[in-house]
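User: I'm in my first year and still learning to read protein structures. Could you take one part of this one and walk me through it closely, then show me how it fits into the rest?

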Amino acid sequence: MFGREKIEYKTPEQVAIMRRAGLVVADALDAVRGALAPGVTTAELDAVAEDVIRTAGATPSFLGYHGYPASLCVSVNEEIVHGIPGSRVLQPGDVVSVDCGAIVDGWHGDSAFSAVLEPADPADVALVAATEDALWAGIAALAAPGGRLGAVGEAVEDVVQAASAPYGIVEDYVGHGIGTAMHQPPDVPNYRTRDRGVKLRAGLCVAVEPMLVRGAEANHVLADDWTVVTDDGSRAAHWEHTVAILETGIVVLTARDGGAERLRALGVEIAAL
């Protein structure tokens with residue numbers, strides 16, 4: 001079950017449970033998307049997600065994690081990641097990134113999306129779209145037979161370099177292995193590294209999560225010890241999915257269609273669970 005870096009390789013049966021957790025996360029994020037609007041507080045979004053998770057008989061992954069006080073991370077504008085839901089009222093034009101995790105029978109799912117509230121700055125819309133494109137390129141790289149995990153970061157960086165605007169890639173926070181713990185080996189960088197990473201093999205499950213900013217990627221953590229913000233105040237976007245590698249290919253556990261539509265456009269067919 002374990003290999004290099006004590007990586008937890010999953011059986012098909014365990015991946016099937018993670019798929020259940022992934023679909024709970026998908027439901028929770030769909031409900032949050034439906035509630036996103038100016039005038040809504042980030043705490044109200046958190047309540048929406050927690051209700052979906054608990055109604056499904058699942059447990060929020062984030063609540064209580066190293067003392068984290070909520071079921072969602074809701075990061076707004078210059079906040080990159082780990083924004084704590086509270087009394088903040090969303091405003092027209094805000095860039096909102098929402099990260100969610102759920103546990104089913106001891107197995108985790110983890111996903112995030114970003115959206116821009118109307119009226120939207122086209123530059124913010126482009127940032128969100130580029131980050132989502134980088135996510136799917138990184139996921140598609142997991143399908144390469146005989147490949148290595150470092151291909152994810154290479155694919156993300158290729159998308160960013162080809163984008164119509166200059167974006168910074170946040171390097172301090174990366175993707176990760178996932179399974180019986182929300183964060184476990186291996187790390188999944190969103191940029192090129194000298195280490196090509198572990199070999200891609202059946203049973204590997206990872207969360208791919210690029211974070212891009214409109215300015216410099218330099219960042220710091222606020223006094224709440226969680227919220228990460230850009231040093232220059234530039235806006236940020238964050239997308240994430242949990243992905244499993246099977247003997248027959250890859251499947252996105254937190255996408256309702258398993259990632260079929262986006263991956264097919266990139267020349268990748270998903271595996272059947």
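Analyst: Let's look at the hairpin in which two residues join β14 to β15. Keep in mind that this is a predicted model. Strand β14 covers residues 241-246 and strand β15 covers residues 249-252. The two run antiparallel and are joined by four bridges. To find one of these pairs on your screen, go to L246, whose bridge partner in β15 is G249. As background, the strands of a sheet pair through backbone hydrogen bonds, and they can do so in a parallel or an antiparallel way.

Now zoom out a little. The hairpin belongs to an open sheet of five strands, with the order β8-β7-β9-β14-β15 and antiparallel pairing. Which strands stand at the edges? They are β8 (184-188) and β15, and since each has a single partner strand, one side of each is left without a neighbour in the sheet. From one strand to the next, the twist averages 25 degrees. Over at the β8 end, strand β7 (residues 175-177) pairs with β8 in the antiparallel sense over three bridges. There you can spot H176 standing opposite D187 in β8. A helix packs on this sheet too: α1 (residues 12-35) touches β9 (205-208), β14 and β15. The direction of α1 makes about 160 degrees with that of β14.

Back in the hairpin, two residues are worth a closer look. Start with H241, which is found in strand β14. Is H241 buried or exposed? Its relative accessibility is 10%, and because buried means under 20%, H241 counts as buried. The side chain of H241 has a polar contact of 2.7 Å with the side chain of T254. If you set aside residues up to four places away in sequence, H241 touches a varied group, including D110, W136, V208, V252 and T254.

The second residue is I250. Again leaving out residues up to four places away in sequence, I250 touches I139, L142, A143, V243, A244, I245, L263, V268, I270 and A271. I250 is also one of the residues that touch the most other members of the largest nonpolar core, which has 59 residues; the others are L45, L72, I139, L142, L204 and L263. Helix α3 gives the most to this core, with eight residues. There is also a second, separate core of ten residues, and V15, W107, V251 and A271 are among them.

Helix α3 leads us to another sheet. This one is open and has three strands in the order β6-β10-β13, with antiparallel pairing. Its edge strands are β6 (168-169) and β13 (236-238), each pairing on one side only. Strands β10 and β13 pair in the antiparallel sense over three bridges, and V213 has A236 in β13 as its bridge partner. Helix α3 (residues 122-141) packs on this sheet, where it touches β10 and β13. The direction of α3 makes about 35 degrees with that of β13.

Just past β10 comes R214, in the loop between β10 (211-213) and β11 (219-221). With 35% relative accessibility, R214 counts as partly exposed. A polar contact of 2.6 Å links its side chain to that of D124. Apart from neighbours within four places in sequence, the residues in contact with R214 are D121, A123, D124, L127, P166, Y167, S234 and R235. R214 also shows how folding brings together parts of the chain: its C-alpha atom is 8.2 Å from that of A165, although the two residues are 49 apart along the chain.

Finally, step back to the whole chain. It has five helices and 15 strands. Its radius of gyration is 17 Å, close to the 19 Å that the globule rule gives for 273 residues, so the chain is as compact as a globular protein of that length. Along the principal axes, the C-alpha atoms fill a box of roughly 45 × 45 × 35 Å. Of the 273 residues, 53% count as buried. Among contacts with a separation of 6 or more, 68% are between residues 24 or more positions apart.

Methods. Residues numbered from 1 in each chain as written. Predicted model: local features only at pLDDT ≥ 70, side-chain atom pairs only at ≥ 80, totals over all residues. Heavy atoms only, no water. Buried < 20%, exposed > 50% of the residue type's maximum accessible area, 1.4 Å probe, protein only. Contact = heavy atoms within 4.5 Å. Polar contact = N/O pair within 3.5 Å; in protein donor to acceptor, adjacent residues only side chain to side chain. Pairing = 2+ DSSP bridges. Axes fitted to C-alpha atoms, helices over the stretch in contact; angles between N-to-C directions. Core = buried A, V, L, I, M, F, W, Y, C linked by side-chain atoms within 4.5 Å. Rg over C-alpha atoms; globule rule 2.2 N^0.38 Å.
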